[in-house]
Amino acid sequence: MSLQILKRRFIKYNDKREDWVLIRRVYQFALKAHAGQKRVSGDSFITHPLGVAYILADLELDLVTVMSGLLHDVLEDTPVTYEEIEKEFGDEVAYLVDGVTKLSKMEFRSKEEHQAETWRKMFVAMAKDIRVILIKLADRTHNMRTLRFLDSAKQKEIARETLEIYAPLAHRLGIYKIKWELEDLAFRYLNQEGYYDLVDKLSKKRKEREDFINKMIGILSEKIKESGIIADISGRPKHIYGIYNKMKNQGKDFNEIYDLIAVRVIVENIRECYGALGIVHTLWRPIPGHFNDYIAMPKPNMYQSLHTTVVCAENELLEVQIRTKEMHRTSEHGIAAHWKYKENVKNDREFEEKLSWLRQLMDWQQDLKDAHEFMEHLKIDLFADEVFVFTPRGDAIDLPAGSVPLDFAYKIHTDIGNHCIGAKINGRIVPLEYKLKTGDIVEILTSKQGNPSRDWLKIVVSSQAKSKIRAWFKKERREDNIVKGKESLEKEIRKLRLEPRLLLKDQLVDDVGSKFNLLSAEDVYAAVGYGGVSAQQIITKLRDEYNKKFGEDTILPPVEIKPWKGAAKAAKGVKIQGIDNLLVRFSKCCNPLPGDEIVGFITRGRGISVHRKDCPNMKRVDGDEGRYLTVFWEVDSNISYPVEIEVTAMDRHNLLTEVMYAVSESKVNITAVNARTTKEKIMIVYLTFVVRDLEHLEHIMNRVKRVKDVFSVRRHAESSSPQENNLRKIKK
């Protein structure tokens with residue numbers, strides 16, 4: 001790579017002499033900054049910035065981007081400062097270079113955290129100027145081209161990151177030219193045997209495939225010419241990693257993959273695209289389900305084309321892609337195409353809409369403190385396969401593959417997600433766990449009384465939905481989250497046979513919190529409570545901090561389990577610490593079950609009332625703390641307990657019978673039934689029956705969820721009026 005080679009490519013699309021003079025000045029600046037530096041290959045370091053600038057010029061990007069490509073490593077690898085670049089070449093160039101620069105001068109606890117924070121910074125920069133990631137993609141592409149000079153372990157590490165993040169990101173931006181090259185290069189280093197085996201097989205069949213494709217192009221060209229359409233028709237071999245993926249996903253051998261080459265038809269306008277499609281389908285039989293109209297419904301990365309697969313002579317499969325010249329330019333260069341062909345691209349509203357996924361990323365990434373979680377969500381949310389579904393008004397919505405109606409609801413609006421009580425797919429009620437399929441028409445059912453459930457975090461796929469659900473719990477229930485989080489930590493610490501009071505010292509918890517960007521012990525407990533960070537992560541850090549303060553060899557004393565003196569063995573299956581011979585009863589407002597976390601409350605004249613810790617009535621009691629007692633479930637109790645569930649479903653004939661049958665089939669005794677139907681034809685059923693424990697209840701609830709047209713099953717929480725009545729009873 002030399003400056004002259006870069007010049008020849010640059011002036012092909014930008015012949016302004018003053019622009020090239022400026023690039024030459026930037027080159028001299030970079031050459032001086034990197035003087036004496038060598039690459040692992042032994043080449044002068046300047047060959048790398050030149051290679052990056054060439055890739056950017058090959059994408060026909062603007063002057064500022066090419067300049068920034070030449071300078072992209074000076075902040076990281078030389079003494080040059082941001083201020084110097086800004087002074088010499090302007091704030092726009094300085095901003096882009098800084099956005100690409102890794103956070104190499106900051107201290108991180110792990111390599112994964114370093115990677116996560118680097119991506120965070122780049123995405124912040126991307127949100128302001130997408131060219132940051134275009135430079136980064138060019139940087140990675142050139143590094144992959146020269147990866148052979150590194151050791152095997154480093155090759156695999158870089159190739160894996162390329163395949164997991166950079167190639168999918170190029171796909172998101174529609175830059176297929178770079179995506180395919182990155183995938184093939186990464187595949188070569190991650191699976192050399194598989195790569196070269198495919199290369200060998202393709203080489204052996206090349207002449208045969210070329211003869212076939214040339215024959216098909218000849219037939220198609222003649223028919224299209226007869227129709228008066230001017231078209232450029234060519235064959236494009238499928239890239240190696242794409243073929244490998246198809247073999248793996250479909251469980252096929254190489255000899256069973258027929259569409260190794262796609263025919264590309266490029267015409268003048270959209271009308272001719274559909275005209276050419278008609279000719280293709282007249283010539284050869286189309287395969288049902290293998291036609292995609294990305295012109296009428298473009299992909300989020302702006303890709304537009306008609307795709308069809310047909311059966312040709314000798315039952316060979318042939319994929320045909322039909323598009324206009326402008327569509328073809330966008331398919332090769334994606335987002336990058338906008339800088340050459342659009343003026344004032346930064347103020348282009350359509351362009352901004354195409355990058356809406358990036359704005360959404362900025363929303364949810366703020367709440368992800370853990371590096372591992374951030375990287376996992378990044379891979380899932382941005383780079384997983386997609387499904388395309390529709391609102392009832394016909395608007396197309398793209399979501400990660402595996403998404404459920406809740407993901408759709410939160411994509412539309414936070415309030416719709418928070419108040420969701422069910423969903424209709426293509427006019428039919430479905431459970432909230434339903435996996436959306438491309439083409440589904442999704443309608444969300446909402447209620448003002450609806451609120452998120454912690455179970456939703458287990459079924460939603462998109463990070464956007466997870467982030468908004470956590471945000472609701474974080475904002476609405478901070479006090480509850482603090483209590484829940486502390487109890488969760490204590491419980492997990494006891495499971496390790498350790499003493500909670502030693503690990504949960506405020507100073508220790510504060511120190512650990514700072515590692516997760518949490519300002520206080522209360523913030524730590526709240527984060528655990530709403531699921532922002534796991535109890536296991538906090539406990540691991542707590543033990544590390546404890547050992548640092550008190551010595552690596554310090555053994556934390558196990559929890560001392562003493563026999564209870566005079567512990568009451570209540571007839572109802574609970575034990576009350578330190579108290580004997582008291583009347584014990586279960587509260588009807590929350591119907592606690594073995595497996596629930598419980599608390600005892602001393603009532604006046606009616607003994608001990610046992611409640612779930614999350615019982616709304618207990619939260620509203622402003623009584624003396626001395627009236628609370630520690631209560632434990634009795635081990636191996638065979639007692640049955642009453643519980644009430646609330647079932648919400650679309651009303652229809654025999655629905656109530658089927659719900660009751662699903663419950664009674666589990667061989668439990670139903671003691672009460674109450675049902676009503678709303679104006680919206682939604683049936684709400686309250687069922688009371690007896691179960692052994694929480695696990696038994698969950699088994700029955702899962703059976704009910706499988707009943708057709710049921711979309712919500714949960715333990716019933718009483719209305720405010722009965723709660724007030726119960727509250728008055730408790731205070732007595």
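## Helix α3 and its surroundings

Let's start with helix α3: at 1.5 Å a residue its 12 residues should span 16 Å, and its end C-alpha atoms are indeed 16 Å apart. The expected span here is 1.5 Å times one less than the number of residues in the helix. Helices (H or I, at least four residues) and strands (E, at least two) are DSSP runs, numbered from the N terminus.

A quick word on the model: it is predicted, so local features need pLDDT of at least 70 and side-chain atom pairs count only at pLDDT 80 or more, while totals for chains, interfaces and linings use all residues. Residues are numbered from 1 along each chain as its sequence is written, and side-chain values use heavy atoms, with hydrogens and water left out.

Back to α3. Because 10 of its 12 residues are buried, α3 is largely enclosed by the rest of the structure. Buried means under 20% relative accessible area, exposed over 50%, and partly exposed in between (1.4 Å probe, protein chains only). Among the buried residues of α3 are His 48, Leu 50, Val 52, Ile 55 and Leu 56. The cover over them includes α1, α2, α4 (63-71), α9 and α11 (176-190). After α3 comes Glu 60, with a positive phi near 60 degrees.

### Charged pairs

The structure holds 18 salt bridges, each a side-chain nitrogen of Lys or Arg within 4 Å of a carboxyl oxygen of Asp or Glu. Here are three of them:

| Pair | N to O distance |
|---|---|
| Asp 58 and Arg 9 | 2.9 Å |
| Lys 136 and Asp 139 | 3.5 Å |
| Arg 140 and Glu 161 | 2.8 Å |

The Arg 140 and Glu 161 pair links distant parts of the chain, with Arg 140 in helix α9 and Glu 161 in helix α10 (residues 152-172), 21 residues apart. Both of these residues are buried. Salt bridges with shared partners also join Arg 9, Asp 58, Glu 60 and Lys 177 into one network.

Within that network, Asp 58 forms its salt bridge with Arg 9. Asp 58 lies in helix α3 (residues 47-58) and Arg 9 in helix α1 (residues 3-10), so the pair ties together parts that are 49 residues apart in sequence. Asp 58 is partly exposed at 22% relative accessibility, whereas Arg 9 is buried at 12%.

Lys 136 and Asp 139 sit three residues apart in helix α9 (residues 131-145), about one turn of the helix. Both are buried.

Asp 19, in helix α2 (residues 17-33), is buried yet has no salt bridge; its nearest side chain of opposite charge, Lys 16, is 4.7 Å away. For charge, Lys and Arg count as positive and Asp and Glu as negative, with His and the chain ends not counted.

### Nonpolar cores

The largest nonpolar core has 67 residues, and Ile 23, Leu 71, Ile 85 and Met 144 have the most contacts inside it. Such a core is a set of buried Ala, Val, Leu, Ile, Met, Phe, Trp, Tyr and Cys residues joined through side-chain atoms within 4.5 Å. Apart from it lies another core, of 50 residues, including Val 387 and Phe 408.

### Strand β18

Strand β18 (residues 641-650) is mostly covered, with eight of its 10 residues buried. It pairs antiparallel with β20 (residues 682-691) over 10 bridges, and five bridges join it to β21 (residues 710-715), also antiparallel. Strands count as paired if DSSP finds at least two bridges between them. Glu 646 has Tyr 686 as its bridge partner in β20 and Arg 714 in β21.

How values were computed. Contact = heavy atoms within 4.5 Å.
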